[in-house]
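This report describes a protein model for a reader who is new to structural analysis. Please keep the sequence and the structure in view while reading.

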Amino acid sequence: MHANPLRRTLLAAAALVSLTLLAACGANSEDQAHEAHATKAAVRPPQPKKKTEPHGLPGMPPVLDPHDIYAADRPNQLSPVVKDFPSRVYVPNTLSDTVTVIDPKTYEIIDTIHVGHQPQHVVPSWDMRTLWVNNDLGHSLTPINPRTGRAGKPVPVHDPYNLYFTPNGKYAVVMASMDRELVFRDAHTMKRVKTEPVSCYGVNHADFSADGRYFIVSCEFSGELLKVDTEKMKVVAQEKLPFQGAMPQDVKLSPDGKRFYIADMVADGVWILDGDKFTRPTLLPTGKGCHGLYVSRDSREMYISNRGEGTISIFDFTKNRLTKKWHLPDGGSPDMGGVSADGKVLWLSGRYNSEVYAIDTRTGHQLARIKVGSGPHGLAVYPQPGRYSLGHTGVFR
């Protein structure tokens with residue numbers, strides 16, 4: 001039986017529409033699939049957060065090399081600020097109330113500057129333009145112009161046993177040993193900004209973490225260490241050294257910024273401390289009366305003065321051990337000092353012998369022994385390489 005022509009035409013049209021719709025649906029489904037697939041590929045899966053480096057103290061010059069905080073202290077790498085200053089060694093004589101000035105080329109005394117009562121350290125300012133003489137019992141700071149060698153008018157500052165500067169150059173930090181205070185002052189005017197009382201006795205030396213966020217302070221007379229938040233200007237941790245009668249002195253950060261070294265003249269060695277964790281430190285014996293710590297110009301070694309036995313121990317950072325010990329001929333009492341700009345000479349005061357020692361850093365041989373005033377202490381070799389000073393007898397970065 002044949003279908004009606006009209007019916008056939010309608011059925012054919014319906015079939016055509018159906019096929020068209022099915023084709024359209026298929027195309028839409030495939031497009032949607034591709035679209036969904038493309039959208040899925042475009043959205044990144046959750047990524048683990050990158051471990052960001054800790055931000056440094058606001059205003060602090062950026063660290064040149066995260067593996068070596070002393071990268072700016074290479075031989076003769078003098079800042080434009082100091083490159084024209086004459087090379088001198090400034091020796092504060094605690095019991096003579098004077099500063100002896102030595103020409104390091106001739107080993108001769110060229111001047112004697114009269115300062116306040118009981119000068120303890122000669123400290124380069126943060127901007128390196130001024131040397132501050134810490135007149136502890138004179139309760140003043142005497143400025144010396146390192147370009148001319150002339151002393152200026154003393155600035156009243158109470159109990160300035162030692163002096164440091166925050167890495168951003170904003171504040172001076174006075175180690176007021178007898179007052180039992182850390183006094184934060186304007187780095188230029190020395191006007192008091194904040195006083196942080198401490199419960200330990202004899203705050204005297206310090207050094208800052210690589211990021212400048214905190215610093216470690218030694219307390220000489222109670223055998224303790226402090227951890228201080230730089231920006232908050234506040235003591236945040238405190239611990240007693242695990243040695244009966246401990247007497248911590250100089251503090252120095254390792255080139256990689258991971259450890260602090262603290263000299264101890266009763267424990268006769270160097271305490272090694274993880275400053276970030278501030279856990280119990282370990283002791284590395286060096287010699288009797290361990291006192292001062294100085295890093296070589298290549299950041300490889302640290303010179304350790306042992307005041308009680310007239311020796312200097314050499315610690316190799318790369319080997320993590322002591323490698324040598326130099327003995328001063330005829331003994332002596334090597335105390336505080338610094339390294340020459342070219343890195344070839346280590347200068348140390350002879351605290352109990354009224355003399356200064358110049359030592360060849362390549363051989364350990366004594367180059368000179370110079371008679372000075374009574375009770376020479378924190379001498380400064382100046383100028384030295386670096387971008388800015390953190391204080392003491394010259395800690396540069």
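A residue is called buried if its relative accessible area is under 20%, exposed if that area is over 50%, and partly exposed in between, with a 1.4 Å probe and protein chains only. The model is predicted, so local features need a pLDDT of at least 70 and side-chain atom pairs count only at pLDDT 80 or more, whereas totals for chains, interfaces and linings use all residues. Residues are numbered from 1 along each chain as its sequence is written, and side-chain values use heavy atoms, with hydrogens and water left out.

## The chain as a whole

The protein chain has one helix and 29 strands. Helices (H or I, at least four residues) and strands (E, at least two) are DSSP runs, numbered from the N terminus. Of the 397 residues of the protein chain, 53% count as buried. The exposed surface of the protein chain is about 18400 Å², of which carbon and sulfur atoms supply 55%; such areas come from the Shrake-Rupley method with a 1.4 Å probe, and for residues only the protein chains shown count as cover.

Contact means heavy atoms within 4.5 Å. Among contacts in the protein chain between residues at least 6 apart in sequence, 47% join residues at least 24 apart.

## A hairpin and a buried serine

Strand β4 covers residues 119-124, and six of its six residues are buried. Its partner is strand β5 (residues 131-135); the two run antiparallel and are joined by four bridges. Strands pair if DSSP finds at least two bridges between them. One bridge partnership is that of P119 with N135 in β5. Together β4 and β5 form a hairpin with six residues between them, and M128 in the turn has a positive phi of about 70°.

Strand β26 (residues 345-350) contains S349. Is S349 buried or exposed? With 0% relative accessibility, S349 counts as buried. When neighbours within four places in sequence are left aside, the contacts of S349 include S333, D335, Y357 and H377.

## Aromatic rings

Rings of Phe, Tyr and Trp (its six-membered ring) pair if their centres lie within 6.5 Å; planes under 30 degrees apart count as stacked, over 60 as edge-to-face and the rest as tilted. By this rule the count comes to twelve aromatic pairs. Why is the pair of Y261 and F317 edge-to-face? The planes of the two rings stand at 70°, with the centres 5.8 Å apart, so the pair is edge-to-face. Y261 lies in strand β18 (residues 260-264) and F317 in the loop between β23 (311-316) and β24 (321-327), so the pair ties together parts that are 56 residues apart in sequence. Y261 is buried at a relative accessible area of 1%, and F317 is buried at 12%.

F317 also forms an aromatic pair with F315, which is edge-to-face at 5.6 Å centre to centre and 80° between the planes. F315 is buried, its relative accessibility being 1%. Elsewhere, ring pairs link Y171, F184, F208 and F215 into a cluster.

Rings may also have a charge over them: this applies if NZ of Lys or CZ of Arg is within 6 Å of the ring centre and within 35 degrees of the ring normal. R180 lies over the face of Y201, at 3.8 Å from the ring centre. The charged end of K227 sits over the ring of Y214, 4.3 Å from its centre.

## Salt bridges

A salt bridge is a side-chain nitrogen of Lys or Arg within 4 Å of a carboxyl oxygen of Asp or Glu. By this rule there are 14 salt bridges. The table gives some of them.

| Acidic residue | Basic residue | N to O distance |
|---|---|---|
| D68 | R74 | 2.5 Å |
| E231 | R213 | 2.8 Å |
| D360 | R362 | 3.3 Å |

The pair of E231 and R213 links distant parts of the chain, 18 residues apart: E231 is in the loop between β15 (224-229) and β16 (234-240), and R213 is in the loop between β13 (203-208) and β14 (214-219). E231 is partly exposed at 45% relative accessibility, and R213 is partly exposed at 30%.

In the bridge of D68 and R74, D68 counts as buried at 9%, whereas R74 counts as partly exposed at 25%. D360 is buried at 10%, while R362 is exposed at 57%. Finally, salt bridges that share partners join R307, D335 and R351 into one network.
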